[in-house]
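Welcome! Here is a short guided tour, meant for someone meeting this structure for the first time.

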Amino acid sequence: MKQHTVEKIGGTSMNDYAAVRDNIIFKDGKVGVDDVYQRIFVVSAYGGITDMLLEHKKSGRPGIFALFASADEEGSWSEAVSGLRERMEEINGTLFTEPEQLKKANTFIGERLQDAERCLADLERVCQHGHFALEGHLNTVSEMLASLGEAHSAWNTAELLRQEGIAARFVDLTGWQDGEHLTLDERIERAFSEIDLARELPIVTGYAHTAEGLMKSFARGYSEMTFSRIAVITEACEAIIHKEYHLSSADPRLVGEDQAVPIGRTNYDVADQLANLGMEAIHPRAAKGLRQQEIPLRVMNTFEPEHRGTLVTGDYVSETPCVEIIAGRKNIYAVECFDQDMMGLMTSYDRAINEIIARFKGNVVTKDTNANTITHFLGNNLKTVKRIRSNICAQYPDCDIQVRKVAVVSAIGSDMKVPGMLSRAVAALARSGISVLAVHQSMRQVDMQFVVNESDYESAVKSLHHALVEVYDHGEAICAA
């Protein structure tokens, strides 16, 4: 293992170039221009840009890709491209003060947008012919569009850092117009084969073009996969993710700044549970490579560089069994399938329903079963849930399917083997007048999940945090990294 680090900068952090430069690149003034090397930076698109390119991650509001794929309104995707161009140029205008620099930045991303728009128009025209189906090309379209966001931010960042006197190098993994379909590892190895980390500071696109397709395999977690594989292939000593918040015992906005405790240590198992709730420290598939190569992961707050952040390793277990984090997710749809004939045929029903959910890229947060009922709790928008329900109805016309909106709140910890913890949690919710619609606890004892009415989400988080986290004096044990 070498001495360099691989560091990923999240989209919200990227929106504040001054904070990225001062707090991350120059480490809050601890290093100078000549000492910023032996680091690789993988950057996300600026906050909100990928939503405009694809679709809004939380609300499902269509971006260019969703508009192009649905083709409900002729020309709507083209208007969205124009809107994206205006937004990207607006971002450039806040970063580059010299007219020539701004012109150069706008030309770079403008040419890519023009190429992409031309490709979409050509594809739309071809697919009007009966022999060509648009659905067969949508994966490629999503990959092409996703690449634009990271190319924009990485090129800008490298250019800005060069103006600071740093030998920054724009490393473009998007494969734009290179015509080669490499694996992710092959593309990374080729890109870094001639880079001297002692003298150059690579600024790398979070999107990488691969033969398999990163979007197809990892959806919006593609930049974390790129980050992880770079760390593994280059044998980094540490992988670091810079976010706009600390990994804390709960959302400070819900439980209060004084009650939320920054987590100093945890393990990859806990990170997986958070990812399942959409609160990713890192995508589970990306964490796998780091865990196998025993590369520690550190999650840091961009805007509090003096804090050492959260160190995530494979072998960590809390000294005393306890709950470390209360996390949750709203906008969950419970799809309950009841059929009296399911008894004895559970495996067949389960397989068929899972295949339907997978076909529509359903995100299963959790599920439960009994003798004649299977309930999936899906983290998708209503449009997708309705499609899933319709297809289950078509397959099982006698099945009574109920859909309702709920929330999932979890108590998570690296070791929660404490007798009576489940009863304490349920009692805390009951004292707050919260009805538990479903509860799940696995034998691994790393999380407990409570399904509640969506209107009870905030109260459930606060109640569980008060009963299971605030009762401990975490002190240095949790804060120390």
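## Getting oriented

Helices (H or I, at least four residues) and strands (E, at least two) are DSSP runs, numbered from the N terminus. Residues are numbered from 1 along each chain as its sequence is written. This is a predicted model, in which local features need pLDDT of at least 70, side-chain atom pairs count only at pLDDT 80 or more, and totals for chains, interfaces and linings use all residues, while side-chain values use heavy atoms, with hydrogens and water left out.

## Salt bridges

Let us begin with a pair in helix α6. Asp122 and Arg125 both sit in this helix, three residues apart, or about one turn of it. Their side chains meet in a salt bridge, 2.4 Å from N to O. The term stands for a side-chain nitrogen of Lys or Arg within 4 Å of a carboxyl oxygen of Asp or Glu. A search of the whole structure turns up 19 salt bridges.

## A mixed sheet of eight strands

Strands of a sheet pair through backbone hydrogen bonds, either parallel or antiparallel. Here, two strands count as paired if DSSP finds at least two bridges between them. One open sheet has eight strands, in the order β3-β4-β2-β1-β5-β7-β8-β6, with mixed pairing. Its edges are β3 (168-171) and β6 (265-267); each has a single partner strand, so one side of each is left without a neighbour in the sheet. From one strand to the next, the twist averages 25°; such angles run from 0 to 180 degrees between N-to-C directions, with axes fitted as lines to C-alpha atoms, for helices over the stretch in contact.

Within this sheet, β1 (residues 5-9) and β2 (residues 39-43) run parallel and are joined by five bridges. Val6 stands opposite Ile40 in β2. Helix α2 (residues 17-25) packs on the sheet, where it touches β1, β2, β4 (201-205) and β5 (238-243), and its direction makes about 150° with that of β2. Contact here means heavy atoms within 4.5 Å.

## An antiparallel sheet of six strands

Another open sheet is built from six strands in the order β10-β11-β9-β12-β14-β13, with antiparallel pairing. At its edges stand β10 (364-369) and β13 (436-441), each with a single partner strand, so one side of each is left without a neighbour in the sheet. Neighbouring strands are turned by 25° against each other on average, direction ignored.

At one edge, β10 and β11 form a hairpin with three residues between them, and Thr366 stands opposite Phe377 in β11. At the other, β13 pairs with β14 (residues 447-453) over five bridges, with Ala438 opposite Val451 in β14. Helix α15 (residues 382-395) lies across β9 (325-338), β11 (373-378) and β12 (400-412), at about 130° to β12. Helix α17 (residues 457-468) lies across β9, β12 and β14, at about 130° to β9.

## The second largest pocket

A pocket is an open set of points on a 1 Å grid over the protein atoms alone, where a 1.4 Å probe fits, with protein on both sides within 12 Å along at least five of seven lines; lining residues have an atom within 4 Å of a point. The second largest pocket holds about 540 Å³ of space, the volume being that filled by probe spheres set on the points, which are joined across faces, edges and corners.

Which residues lie nearest the centre of this pocket? They are Thr140, Glu143, Met144, His181 and His209, out of 27 that line it. Helix α7 (138-163) is among the elements that supply at least two lining residues, as is α6 (99-126); α7 gives the largest share, six residues.
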